[in-house]
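Morning, everyone. Please have a look at the structure on the screen, and then we'll walk through it.

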Amino acid sequence: MKHVLALSTLYPNAVNPRFGTFVARSLEALAKRGDWRVSVVNPIGIPPLALGRYRALSQLDEIGEEGGIAVHRPRFTLIPAVGARRNASAIAKAALPVIERIHAQTPIDVIDAQFFFPDGPAAAWIAQRLGLPLSLKARGSDITYWGGLDFAREQMLEAARRATGILSVSQALAEEMVGMGMPREKITLHYTGLDRDRFRPFDHTRLRAQISGEIGFALPDNAPLLVSVGALIARKGHDIAIGAQPMIEGARLVIVGKGEDEAHLRDLARDLGLADRVHFAGSLDHDLLPLILSAADVMVLPTSNEGLANAWVEALACGTPVVTCDVGGARELIACDTAGRLVERNPEAVAEGVNSILNNPPMRQAVAALVERFSWDNNAAELAAHYERLAKG
């Protein structure tokens, strides 16, 4: 059995159980195959004065087993807001002794970074120190945001130069990486996975009534139901989704996610007279999210940039068409009217896209069929093949 060591600042923990779940599901599916041993190093950044949420993070166990994977959580000093330039080197120095111990006990065949920045430069330095093949994965904002900052772009390009192989979650993101100066010949497309037992069309007459009771928000059967899934941050465009509501007769909007913009978004809904039509559901259990997506008529996400949003795939798998913007890998999923609409990033265009779907809704099974290729089993098989190529050199 070969051994991959995944370095990932994106990984769920007891304090943030929904943070980076897609990374955990991918690596857990790989571990279940039985041909690759998986170890995870999830560095935790703690400021010199650990207050608030950082206090809880500082108390996490430094090693544990989760989902059949050993997860190690070394600490590094984080300087919030201004310390990003040095995060990769701080992570590398904190993680190296842990990884050396793991390597001594069970030799590692591939070093892997699950996010391009700051994980990528840190993993590149460690892989070079240990003389091991290096895999890097690009997911979206690591390229679209960090790639716009000179210091981060320089570090990422150096990591890409050292990499044995690189993964991208969409073809569009891969093209952006090539445009930055990364070597095209190293890049392999690796779509996200999906829990097909959870994310599928659910259809029963009391579905909305059940969800109404669960979230404490009335969802009439005769009113259009829109769902927006994503962190409550500016780039996700929840304010645009709210702004579209007055142009969609009688619609209810359920926003799933947490983030720094929640107070602003609540104020916006109130100022527009929509407080009784917009519900902030916060983070939801993964068993409830598929029910809400299945009950919805449209999933709305007017995002400004993505690699390939997991929320798009999950909505489609539940038979729900998507209205989003032509960013990242959206065209790779929203390729026909059955899948939804790609619209301009403004309330009027979002409303027009939603109304066109409401006026001619596609069959749910036809929508779900568009993402049949997405599963964690397929994701793991492709990941195993990628690591195998790198290990063979």
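Which side chain meets that of Glu306 in a salt bridge? It is the side chain of Lys236, with 2.7 Å from N to O. Keep in mind that this is a predicted model.

Now, where do these two sit? Glu306 is in the loop between E14 and helix H12. Lys236 is in the loop between strand E11 and helix H9. The two parts are 70 residues apart in sequence, so the pair ties them together. And buried or exposed? Both Glu306 and Lys236 are buried.

There is also a network. Glu158, Arg161 and Arg162 are joined into one by salt bridges that share partners.

Next pair: Asp297 and Arg208. Their side chains form a salt bridge too, at 3.0 Å from N to O. This one links distant parts of the chain, 89 residues apart. Asp297 is in the loop between helix H11 and strand E14, while Arg208 is in helix H8. Arg208 is buried because its relative accessibility is 9%, under the 20% cut-off. Asp297 is partly exposed, at 26%.

One more pair. Arg198 forms a salt bridge with Asp195, and the closest N and O atoms are 3.0 Å apart. Arg198 is partly exposed at 32%. Asp195 is partly exposed as well, at 24%. How many salt bridges does the count come to? It comes to 18.

On to the strands. Take E13, residues 278-282. Five of its five residues are buried. Both faces are covered: Val278, Phe280 and Gly282 are on one side, His279 and Ala281 on the other. Which strand is joined to E13 by four bridges? That is E12, residues 252-256, and the two run parallel. Between E12 and E13 the chain passes through helix H10, residues 262-271, and this β-α-β crossover is right-handed. For one bridge partnership, look at Leu253, whose partner in E13 is Val278.

Now the cysteines. How many disulfides does a search of the whole structure find? Zero. For Cys325, the nearest cysteine sulfur belongs to Cys336, and it is 18 Å away. Cys336 has its nearest cysteine sulfur in Cys318, 17 Å away. Cys325 is buried, at 4% relative accessible area. Cys336 is partly exposed, at 34%.

Last stop: His386, in helix H16, residues 376-392. His386 is buried, with 2% relative accessibility. What does His386 touch, leaving out residues up to four places away in sequence? Ser135, Gly165, Ile166 and Leu167.

That's my tour. Thanks for listening.

Notes:
Residues are numbered from 1 along each chain as its sequence is written. This is a predicted model: local features need pLDDT of at least 70, side-chain atom pairs count only at pLDDT 80 or more; totals for chains, interfaces and linings use all residues. Side-chain values use heavy atoms; hydrogens and water are left out. A disulfide is a pair of cysteine sulfur atoms within 2.5 Å. Buried means under 20% relative accessible area, exposed over 50%, partly exposed in between (1.4 Å probe, protein chains only). Contact means heavy atoms within 4.5 Å. Two strands pair if DSSP finds at least two bridges between them. A crossover is right-handed if, with the strands pointing away from the viewer, the path from the first strand over the helix to the second runs clockwise. A salt bridge is a side-chain nitrogen of Lys or Arg within 4 Å of a carboxyl oxygen of Asp or Glu.
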